[in-house]
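Visitor: Could you take one part of this structure and walk me through it closely? I am in my first year, so please keep it plain.

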Amino acid sequence: MKIKNLKDLEELKIKGLESLYPKRTKINVGLGTCGIATGARAVFDSIADEIEKQGIDALVGKTGCLGFCQREPLVDVWQPGKSRIIYCQMDPEKARDLVTGLAQGKTRKEWALCRMEEEEFIIENTKKKYSIKEKDGKDIPLYREIPFYRKQKKIALRNCGFMNPENIEEYIARGGYFSLARVLSRLKEEEVIEEIKNSGLRGRGGAGFPTGLKWKFCRDARGEPKYIICNADEGDPGAYMDRSILEGDPHSVLEGMVIGAYAIGSHEGYIYVRNEYPLAAQSVERAIRQAEEYGLLGENIFNSGFNFRIRISQGAGAFVCGEETALLASIEGKIGEPRPRPPFPAERGLWDKPTNINNVKTWANVPVIIARGADWYSKMGTAKSKGTMVFSLVGKINNTGLVEVPMGIKLREMIYDIGEGIPEGKKFKAVQTGGPSGGCIPSELADLEVDYEKLTQAGSMMGSGGMVVMDEDTCMVNVAKYFLNFTKDESCGKCTPCREGIKRMLEILDDISKGKAKETDLELLETLARVVKDASLCALGGTAPNPVLTTLRYFRNEYEAHIKDKKCPAHICPDLIHYSIDKEKCTGCGLCLKECPQTAISGEKKKPHSIDKSKCIKCGVCFEVCNFDAVEID
Amino acid sequence: MNDKMKRKVDLEKVINKYKAEKGGIISVLQEINREYGYLSEDALKLVAKKLDVPLIQVYSIATFYTAFSLKPRGRHLINVCLGTACFVKGGNRILEKLERELGIKAGETTKELRYSLDTVHCIGCCSLAPVIRIDEDAYGRLKQEKVPEILKKHK
Amino acid sequence: MLNLTIDGKKVSVEKGTTVLHAARKLGIEIPTLCYHEGVSPYGACRVCLVEVVKGIKTGLTTSCTCLAEEGMEVKSDSPRVLESRKLMVELLLARCPEAEKVKDLARKMGIEGVRFKREDKECILCGLCVRVCQEIIEASVIGFINRGANREVETPFQAQSDVCIGCGACSSVCPTEAIKIKEMFDKRILETWHTELELKSCKICGRYFVPKKELEHLKEKIELPEDIFEICTDCKRKSLTGKIGEIKTGAI
């Protein structure tokens, strides 16, 4: 059917609500990439199987990712009039038990993550309340009490994990496409741009350029046709929220894009999806087809006379294509080589026509801003960074996953409250933000209020929201080396500073990590870093030195230890460490001996073993497998 | 019709599918790479001819993007994630273990064409680091000693 | 006309003029490597960097690609510019220690010794050959392959090319003499491009003088009498001098 007016939309909403909250039990399994990686498909299958086998009156459904990836597979159980409970770390066996239990009216508290006391419908500004009195669930913590969720405010992630991404009616039921209906029926193009401008929304993919202004530039540019692009080339390692949104809530991005297209005066759009995200590409493709069927994309959208179509362009594995001009080259079927700006894409973009490019999260925010207004949105966040930001909290941290919080949250809150600290009681050393373009912020700056400006002042950047936590066992020279290796591989190779400069910086870092560097090399490294940053053609080279510059700024002593003392304080750099076995602690269990690929370990059973240093390749497997902490590194 | 002929017919089909699309060349190469596991010299020449673009342009693209392989690949493609989270959690040790187990380096294929080993800069499963992906299946929270049993699942 | 200042000197140029040309108009010398009048600018070598002041912001940009704007303020000799250019040349010199043009620039900039490990490449990846082959000759034989530190200029599959006409324009535009071409009797050998081409002999003197493929290419592009392609340049000159002689005598 084609949706022509609000009445049609309201009707679908009712259908969607019936699907979200049916009159019988519904068991939802999170089937995002991370869920699947932990075995969620098998969980889904065993639930479906058990329901059928036992002839239970229940449905099994799929959702996207609820963000708490650490606890995947997540299973969310809806039962009319009862507590809504989310179970975590499920496996097929547990899932069968759960289904059997549900049939008998039992709750499995021991597997429960939390109970939902309410669900926020952010677009409508309403809340759906759930029963929390039910006696079986009373020892299970409430959603809002879970440290991981307590401080979160989900706007871009509003639907992820709460609905079936394959069901457009469920999206509509949660307020989806109502903003588009309002825009097309009641707002002038300029009014939409004004609203986005006033909201203070800034690009969520990197440098944080004001979105409304970007739209205006493109609208005012001369040339037809104009293009709208969604940059889903989420290349920053350690960041995966765009994938999660595309997999779990693709329509939010489509709706944002249609609104943007209307405001700018464009009738053609592209979503440029990263090659490494096959599931996300499928999800978007399906959503586009559905939206076309319902008349929310294509000709005469909402019977308004406005036309807009979206195509998918799939990347082929190149980080540099996240850079706007390289992305355009790639869509045009060329190698992803950036070109100088100006001219900016707003003036001369895809096939030399005015083009507006925004990131996935930016687009996903748009329908909410239209629904709730610029005032509401701009009340969240800091002076210059409004709204919320989605971070992927990963690395050496207890709670890993996707976190959406108002801008301005302190790093300390991220690490200790939401993340609940560092595993194994280790010390928090640094957090890396902004991917290869960002930097490492040391634990001393834990009170930093995270927004675009503060991160830049600290030498890092927001980037797409990756937040990789590092503990005392992380060597900062090694981290700098890791990122430069990354940018060396991913540089397109066009301009001298990026291609040659990064290579030379890496050579110096390599020498440092091997204990072969001179003190003057640090100076040369700094000079190179400064000039590569200044002289490169595009943002890849322009930001590539940041990991080096920040680690030099905050962890210079660690560099000096490698150079002067020939020591790696974190015991990481292979050329500067040795493995040995503590004779007191070794029980002679033989596990390390069995695993050692070099037969460097010898010893009789039940007697202390020893490592032949001349044979050891420092692979670390003995250290990993030892159950008695007998393997030491110095 | 012999096998080689059949392939050629298929290739032309793929090319024609994207021929009308502006900038469709990358999509063509992607589909061929997916179907055949790599881009052969003949395939690239045919793409250039049919799309009427210089061969060097096709070759440039094929060597620029990491999704494309110019050599036949193994039956199973192992991707070791070396994103930041995986790196911090010892992803390179998993890579080294795989290299030792398979007797090949990253970027290579085993002699019997069973496995191809590659690295990838983040597959977006950072919460489960360190992660590898074999064909469609991702394995998270890996340890070196778990590698042999995982390989056994993909023979 | 647009008015801008470079190093404090005022200059007016037409719209569409690059900062590089505006500077040349003022007699300000800006070094270049990947720039050539005949092909589109590329902005890759970064040797022609200048500093452009925009309000409170200043940034480095390549003068070969940057178009002059009204009221623009450019610095071509600030310490920031000079330091960056110098490092660009040092990086290229480390890559190609024997390239005369790079050595020359290094001398002029006062670079004493290279602080990086020396490589023994000859190509600085300026891409002039690629652009000439594509834009001027319209043959598109060579291009960039791979990426990042592994980038190279090559023919498809690093093998003999079917479309190379052997004109040698790539070699003549190369600033570092990295493209090797030699002639052996009836063959022209483009070593760098793994390509050997048969030469045609001159109808008059019998000397092998031009690749057959180049002739075919020319015939397609330019409409000229057939026999003009059959005679070598030397013989053409001779016959032309003869003709001029005839005309002169006739005139008297």
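Guide: What follows starts at a patch on the surface and then widens to whole chains. Keep in mind that this is a predicted model.

Start with chain B. Four residues there form a positive surface patch. They are Lys89(B), Arg141(B), Lys143(B) and Lys146(B). Lys and Arg both count as positive.

Now pick out one member, Lys146(B). Where does Lys146(B) lie in chain B? Look in the loop between β4 (137-139) and α7 (147-153). Is Lys146(B) buried or exposed? The answer falls in between. Its relative accessibility is 35%, so Lys146(B) counts as partly exposed. Buried would mean under 20%, and exposed would mean over 50%.

Step back to the chain around that loop. Chain B contains seven helices and four strands. Follow the sequence and the order reads α-α-α-α-β-α-α-β-β-β-α. Of the 155 residues in chain B, 53% are buried. Along the principal axes, the C-alpha atoms of chain B fill a box of roughly 50 × 35 × 20 Å.

Chain C gives you something to set beside it. Its secondary structure comes to seven helices and eleven strands. The radius of gyration of chain C is 23 Å, while the globule rule gives 18 Å for 252 residues. Chain C is therefore more spread out than a compact globule. Its C-alpha trace spans about 70 × 55 × 30 Å along the principal axes. Buried residues account for 49% of the 252 residues in chain C.

Definitions and conventions
Residues numbered from 1 in each chain as written. Chains lettered and ligands numbered in written order. Predicted model: local features only at pLDDT ≥ 70, side-chain atom pairs only at ≥ 80, totals over all residues. Heavy atoms only, no water. Patch = residues over 30% accessible without salt bridge, like charges linked within 9 Å, V, L, I, M, F, W, Y side chains within 5 Å. Areas by Shrake-Rupley, 256 points an atom, 1.4 Å probe, with all protein chains shown as cover. Salt bridge = Lys/Arg side-chain N within 4 Å of Asp/Glu carboxyl O. Charge placed at Lys NZ, Arg CZ, Asp CG, Glu CD. Helix = DSSP H or I, 4+ residues; strand = E, 2+ residues; numbered from the N terminus. Buried < 20%, exposed > 50% of the residue type's maximum accessible area, 1.4 Å probe, protein only. Rg over C-alpha atoms; globule rule 2.2 N^0.38 Å.
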